[in-house]
Each structure stands twice: as structure tokens, then as C-alpha cells.
Amino acid sequence: MLNFWRDTAGTILTAGVLLVIPVAFLCPAGASGSNPPGTGGIMTPAPDGEVAIRKEYEGTVRHGTREAFELFIRRHPEHPLADEARAWLAR
């Protein structure tokens, strides 16, 4: 059984043998330049939180059940749309 550990530089060592493990991030062929700035082709930017909450509320309204509105209020109790959900429940 081999014992693995890292030295202070983060290099993986095992039984006195240095293991070099290369790590590379590759973009698909032809993808360079077509990705959002700062993503390096690996990840897309995070969605705007406000937009996501509004879309969630739209789904809640489409669903139209008491449980859906209660869930929205539990997830976003301080959001202004939670007041609209409370008003819907009060009807």
C-alpha cells in the first residue's frame, strides 16, 4: 500500500517518489473567443439572482397552488414578491 501526502508546495509525494500529475483545462476545438469573458471556456457566468427569483415567482403563479406560494415565501421571505404571494394567500 502506498502512502500519499503533499509537501508544502502542494506536490504529491509517495514513498519518497515524486509524482507529477499534469492538469490542463481544454476548450473544445473552435470554441476559443466564443465564451463569455473571464470564463476561459470552462463555466458560464452565474445567473442574475433577481431574474432567477422573478422566474421562480412566475412559475409559482403558473402553478397556482397554496403549497407553491407557501414554498416561495419560505424560500424568499424578505423579497418584495413574497408580499405578493402573501396577498395571494390572503384571498
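**Entry 1: layout**

I started with the order of elements: from the N terminus on, they run β-β-β-α-α-α. That makes 3 helices and 3 strands for the protein. Note to self: I am working from a predicted model.

**Entry 2: the protein as a whole**

Next I looked up burial. Of the 91 residues, 19% count as buried. The accessible surface comes to about 7,300 Å², and I noted that carbon and sulfur atoms own 60% of that surface. Then I checked sequence separation in the contacts. Among contacts with a separation of 6 or more, residues 24 or more positions apart account for 12%.

**Entry 3: how α1 sits against α2**

I moved on to the helices. Helix α1 covers residues 49-63, and helix α2 covers residues 66-75. Which way do α1 and α2 run relative to each other? Their axes cross at roughly 160 degrees and come within 9 Å. An angle over 145 degrees counts as roughly antiparallel, so α1 and α2 are roughly antiparallel to each other.

I then listed who meets whom. From α1 come Ile53, Glu56, Tyr57, Thr60, Val61 and His63; from α2 come Ala68, Phe69, Phe72 and Arg75. By type, the residues of this contact divide into 6 nonpolar, 2 polar and 2 charged.

**Entry 4: Thr60**

I picked Thr60 out of that list for a separate look. Thr60 is found in helix α1. Is Thr60 buried or exposed? I get a relative accessible area of 6% for Thr60, and the cut-off for buried is under 20%, so Thr60 is buried. Leaving out residues up to four places away in sequence, Thr60 touches Ala68, Phe69 and Phe72. I recognise Ala68, Phe69 and Phe72 from the α2 side of the helix contact.

**Entry 5: salt bridges**

Why bother with charged pairs? Side chains of opposite charge can pair when their charged atoms come close. How many salt bridges does the structure hold? I find 4, and I wrote up three of the pairs, below.

Within α1, the side chains of Arg54 and Glu50 meet in a salt bridge, at 3.1 Å from N to O. Arg54 and Glu50 are 4 residues apart in the helix, about one turn. I checked exposure too: Arg54 is partly exposed, with a relative accessible area of 42%, and Glu50 is also partly exposed, at 33%.

Within α2, I found Arg66 in a salt bridge with Glu70, with 3.7 Å between the closest N and O atoms. Here again the spacing is 4 residues, about one turn of the helix. Arg66 counts as partly exposed at 44% relative accessibility. Glu70 is partly exposed as well, with a relative accessible area of 31%.

The pair I looked up last is Arg86 and Asp83, whose side chains meet in a salt bridge at 2.9 Å, N to O. Arg86 and Asp83 lie in helix α3, residues 80-90. They are 3 residues apart there, so about one helical turn separates Arg86 from Asp83. Arg86 has a relative accessible area of 35%, which puts it in the partly exposed class.

**Entry 6: what I keep**

For α1 and α2, I keep the roughly antiparallel arrangement, with buried Thr60 on the α1 side. For the salt bridges, I keep one pair in α1, one in α2 and one in α3.

Terms used. Residues are numbered from 1 along each chain as its sequence is written. This is a predicted model: local features need pLDDT of at least 70, side-chain atom pairs count only at pLDDT 80 or more; totals for chains, interfaces and linings use all residues. Side-chain values use heavy atoms; hydrogens and water are left out. Helices (H or I, at least four residues) and strands (E, at least two) are DSSP runs, numbered from the N terminus. Buried means under 20% relative accessible area, exposed over 50%, partly exposed in between (1.4 Å probe, protein chains only). Contact means heavy atoms within 4.5 Å. Accessible areas come from the Shrake-Rupley method with a 1.4 Å probe; for residues, only the protein chains shown count as cover. Axes are lines fitted to C-alpha atoms, for helices over the stretch in contact, and angles run from 0 to 180 degrees between N-to-C directions. Angles under 35 degrees count as roughly parallel, over 145 as roughly antiparallel, 65 to 115 as roughly perpendicular and the rest as oblique. Ala, Val, Leu, Ile, Met, Phe, Trp, Tyr, Cys and Pro count as nonpolar, Asp, Glu, Lys and Arg as charged, and the others, Gly among them, as polar.
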